[in-house]
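I opened this model to look up a few buried positions, the strand pairings and the nonpolar cores. My entries follow in the order in which I made them.

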Amino acid sequence: MAERKERFTVSRRKKILEHIKETGEVMVTQLSKEFGVSEVTIRNDLEHLERKNLLVRARGGAIHTENHVGIDQRITDKNKIHAGEKAAIGKLASSLINDGDTIIIDSGTTTAEIVKNIGSIKYLNVITNALNIANLLAAYPTVNVIIPGGYLRQNAMSLVGPLAEKNLRNFFVDKVFLSTDGFDTKQGISTPNIDEAHLNGIMIEIAKEVILVTDSSKFKRKSLAFICGLDKIKKVVTDKGIEADDKKRLEDAGIEVLIAE
């Protein structure tokens, strides 16, 4: 009986992967009806497949992903992934901002969540290379927004390249809030885009303090272009899904780890 159940589970997960490769995404309710099992069972299936880096869970379902270092997901797809964790991380990270700070907010969906929680700050200078973040900042009359320019990287809606790099070097900031696509706690953070990685490096150079904001799914992953090692990072804001070995490695490196609930 147990062997039969296991074969059915393996077969069901195989079919889920086939569906997601064909359509790009699947929904829990739809799969539950199709296979005649509970939504809890389907969520367990998706969690199992995500641990193997075969898909990425999103709100109400999952989206297709490839386990390649060079994959550069669109920001519209990233918005669907781990939305609850990102919202909590953004809220906690925003508490690290003080009145009168001059900061950089890097492009990304997690960094965008920081902006949604800065309404109580009386005065703030924000440099950002992300159009979606600049648009969110426009709602705050007490925030002075600086956009360094550059050419548009459409997947991320961010501005990169020589113009952005040259203009960024004219500034010094209190804090930079960085997001990442890959975080190997033995080597450092990385991104699939070379131009973005180089711009991030300049952000780190001109900042007094580097704060990384990332959900726990980014740990133990590497992307194409290296940004920096652990020695450059002061704080990491993440969720409770961080594994104990990663947390210990960060703390042993002198990095403060803040867990969003």
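Entry 1, a charged residue in a helix. I take helices as DSSP runs of H or I with at least four residues, numbered from the N terminus. The model is predicted, and I read every value below with that in mind. I started at Asp 45, which I found in helix α3, residues 39–51. Is Asp 45 buried or exposed? I call a residue buried when its relative accessible area is under 20%. Asp 45 has 1% relative accessibility and so counts as buried.

I then looked for what its side chain meets. A polar contact of 2.5 Å runs from the side chain of Asp 45 to that of Arg 12. The side chain of Arg 13 also makes a polar contact with the side chain of Asp 45, at 2.8 Å. Setting aside neighbours within four places in sequence, I listed Thr 9, Arg 12, Arg 13 and Ile 16 as the contacts of Asp 45.

Entry 2, a threonine. I went on to Thr 109, which sits in helix α6. Thr 109 is buried, its relative accessible area being 9%. I noted a polar contact between the side chains of Thr 109 and Lys 86, at 2.8 Å.

Entry 3, strand β5 and its partners. How many of the 5 residues of strand β5 are buried? I counted 5 of the 5 in this strand, residues 124–128, so β5 is largely enclosed by the rest of the structure. I checked the two faces separately. Leu 124, Val 126 and Thr 128 are buried on one side, and Asn 125 and Ile 127 are buried on the other. Both faces of β5 are therefore covered, given that buried means under 20% relative accessible area.

Next I looked at pairing. Strand β4, residues 102–105, runs parallel to β5 and is joined to it by 4 bridges. I recorded Ile 127 in β5 as the bridge partner of Ile 104. Helix α6, residues 109–115, completes a right-handed β-α-β unit with β4 and β5. The other pairing I looked up joins β5 to strand β6, residues 143–146, which is again parallel and has 4 bridges. Here Val 126 is opposite Val 145 in β6. From β5 the chain passes through helix α7, residues 131–137, to reach β6, and this β-α-β crossover is right-handed.

Entry 4, aromatic pairs. I found a count of 1 aromatic pair. The ring centres of Phe 183 and Phe 219 are 5.0 Å apart and the planes lie at 35 degrees, so I logged the pair as tilted. The pair links distant parts of the chain, with the two positions 36 residues apart: Phe 183 is in strand β10 (residues 182–184), and Phe 219 is in the loop between β12 (207–213) and β13 (225–228). I also noted that Phe 183 and Phe 219 are both buried.

Entry 5, nonpolar cores. Which residues touch the most other members of the largest nonpolar core? Out of its 30 residues, they are Phe 183, Ile 233 and Leu 250. Two or more residues come from each of α8 (162–168), β9 (173–178), α9 (194–205), β12 and β13. Helix α9 gives the most, with 5 residues. I listed the contacts of Ile 233, leaving out neighbours within four places in sequence: Phe 183, Ile 189, Val 210, Leu 212, Cys 228 and Ile 255. Another core, of 25 residues, lies apart from this one, and its members include Ala 112, Ile 114, Val 237 and Leu 258. As background, I noted that nonpolar side chains tend to be buried together in soluble globular proteins.

Entry 6, an exposed lysine. I finished at Lys 240, in the loop between β14 (235–239) and α10 (244–252). Lys 240 is exposed, with 65% relative accessible area. Its C-alpha atom is separated by 5.9 Å from that of Ile 259, 19 residues apart along the chain. Beyond neighbours within four places in sequence, Lys 240 is in contact with Ile 259, Ala 260 and Glu 261.

For the strand before this loop, I recorded parallel pairing of β14 with strand β15, residues 256–260, over 5 bridges. Lys 235 is opposite Glu 256 in β15. My last note is that β14, α10 and β15 form a right-handed β-α-β unit.

Terms used:
Residues numbered from 1 in each chain as written. Predicted model: local features only at pLDDT ≥ 70, side-chain atom pairs only at ≥ 80, totals over all residues. Heavy atoms only, no water. Buried < 20%, exposed > 50% of the residue type's maximum accessible area, 1.4 Å probe, protein only. Polar contact = N/O pair within 3.5 Å; in protein donor to acceptor, adjacent residues only side chain to side chain. Contact = heavy atoms within 4.5 Å. Phe/Tyr/Trp six-rings, centres within 6.5 Å; stacked < 30°, edge-to-face > 60°. Core = buried A, V, L, I, M, F, W, Y, C linked by side-chain atoms within 4.5 Å. Pairing = 2+ DSSP bridges. Right-handed = clockwise from strand over helix to strand, strands pointing away.
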